[in-house]
Amino acid sequence: MGGRLIRAVLFDMDGTLLESEWLSAISNDIAFETVFGRHITRGEVKELTGRPVSEILREKYGEKGDEVYALSRAFFRRNSRAVSLYPGVLEALKHISRKARLAVVTASKREDAVRLLCINCILDYFSTIVAQEDTRYHKPDPEPVLLALSRLSVTPGEAVMVGDQPWDIIAAREAGVVSVAALWGAGIEDELYMYRPDYTARDPAELVEIFERLMQA
């Protein structure tokens, strides 16, 4: 798939740029224990990954779901400075941003995304952030990816989407964008392979190599 001009690289945030899923899991568990008097199950943890957590909790638990979300989000925000970049992410952003525009496409709320990116000193690398409030539908629907492309004024054939979950791969494919599975992230490697990403990267340095190969004429 070489020989194309890549003008934009879109990144999922949690579990791809930021090692944040552990704090989300703790936050949700504390909230579940407070509201339901029990720990969150592994199945519930998996269900809450990727899509907007507030929507999933409301669908499953109604008003109690709203209470869980409020408690979980408050705990996460109080401890958000503990969230860090995955090793090598900063170097990859520095390299890729010299040749392409960058965007974040996340199911998180904009306020939370901006806060986490600021804490980790990478906000300025991104030309736009497509957050939960920006679209009616969320990954795996392609709407957030397509909105990012529109904001960056690039075509699907000029872009790459990097993410750690199957819905990142699906959204990229549906939008006509090259997909890269971030195997360094929070996703499950075997599961990601099942969705047949165009490329896989074991670490951010390999992502840079893929980006350079795609840029070669």
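How do the residues of the lining of the largest cavity divide into nonpolar, polar and charged? Keep that in mind as you click around; this is a predicted model, and the tour starts inside it.

**Stop 1: the cavity**

Select V9, I96, V160, V180, L207, I210, F211 and L214, the residues that line the largest cavity. Here's the answer to the opening question: eight are nonpolar, with no polar and no charged residues among them. Now colour helix α10, residues 204-215, which gives the largest share of that lining, four residues. The cavity itself has a volume of about 40 Å³. Just one cavity of 30 Å³ or more turns up in the count.

**Stop 2: the sheet**

Switch to cartoon view and pick out the strands. Six of them make an open sheet, and reading across you get β5-β4-β1-β6-β7-β8, with parallel pairing. Zoom to the two ends of that order: β5 (128-130) and β8 (199-201) are the edge strands, and each has a single partner, so one side of each has no neighbour in the sheet. Look along the sheet and you can follow the twist, which averages 25° from one strand to the next.

Next, select β7, residues 178-182, together with β8. The two run parallel and are joined by three bridges. Show A181 and you'll find T200 of β8 standing opposite. Then add α8, which packs on the sheet and touches both β6 (159-163) and β7. The direction of α8 makes about 170° with that of β7.

**Stop 3: the pocket**

Which residues lie nearest the centre of the largest pocket? Select E21, S24, L48, T49 and V53, and you have them. They belong to a lining of 41 residues, around a pocket with a volume of about 760 Å³. To see what surrounds the space, colour α1 (21-36), α2 (42-47), α3 (53-61), α4 (63-78), α6 (110-119) and α8 (166-175); each of these helices supplies at least two lining residues. Colour the lining by residue type and you get a mix: 14 nonpolar, 13 polar and 14 charged.

**Stop 4: K139 and its surroundings**

Show the side chains of K139 and D12. They form a salt bridge, and the closest N and O atoms are 3.0 Å apart. This pair links distant parts of the chain, 127 residues apart: K139 is in the loop between β5 and α7 (143-152), while D12 is in the loop between β1 (8-11) and β2 (18-19). If you want to hunt for others, the count for the model comes to 14 salt bridges.

Before leaving K139, step along to P140, which lies in the loop between β5 and α7. The peptide bond joining K139 and P140 is cis, with omega about 20°.

**Stop 5: C121**

One last backbone oddity to click on. Most residues other than glycine have a negative phi, and most peptide bonds are trans. Select C121, in the loop between α6 and β5. Its phi is near 60°, a positive value in a residue other than glycine.

Technical notes: Residues numbered from 1 in each chain as written. Predicted model: local features only at pLDDT ≥ 70, side-chain atom pairs only at ≥ 80, totals over all residues. Heavy atoms only, no water. 1 Å grid on protein atoms, 1.4 Å probe; cavity = no way out; pocket = protein on both sides within 12 Å on 5 of 7 lines; lining within 4 Å. Points joined across faces, edges and corners; volume = space filled by probe spheres on them. Nonpolar A, V, L, I, M, F, W, Y, C, P; charged D, E, K, R; others polar. Pairing = 2+ DSSP bridges. Axes fitted to C-alpha atoms, helices over the stretch in contact; angles between N-to-C directions. Contact = heavy atoms within 4.5 Å. Salt bridge = Lys/Arg side-chain N within 4 Å of Asp/Glu carboxyl O.
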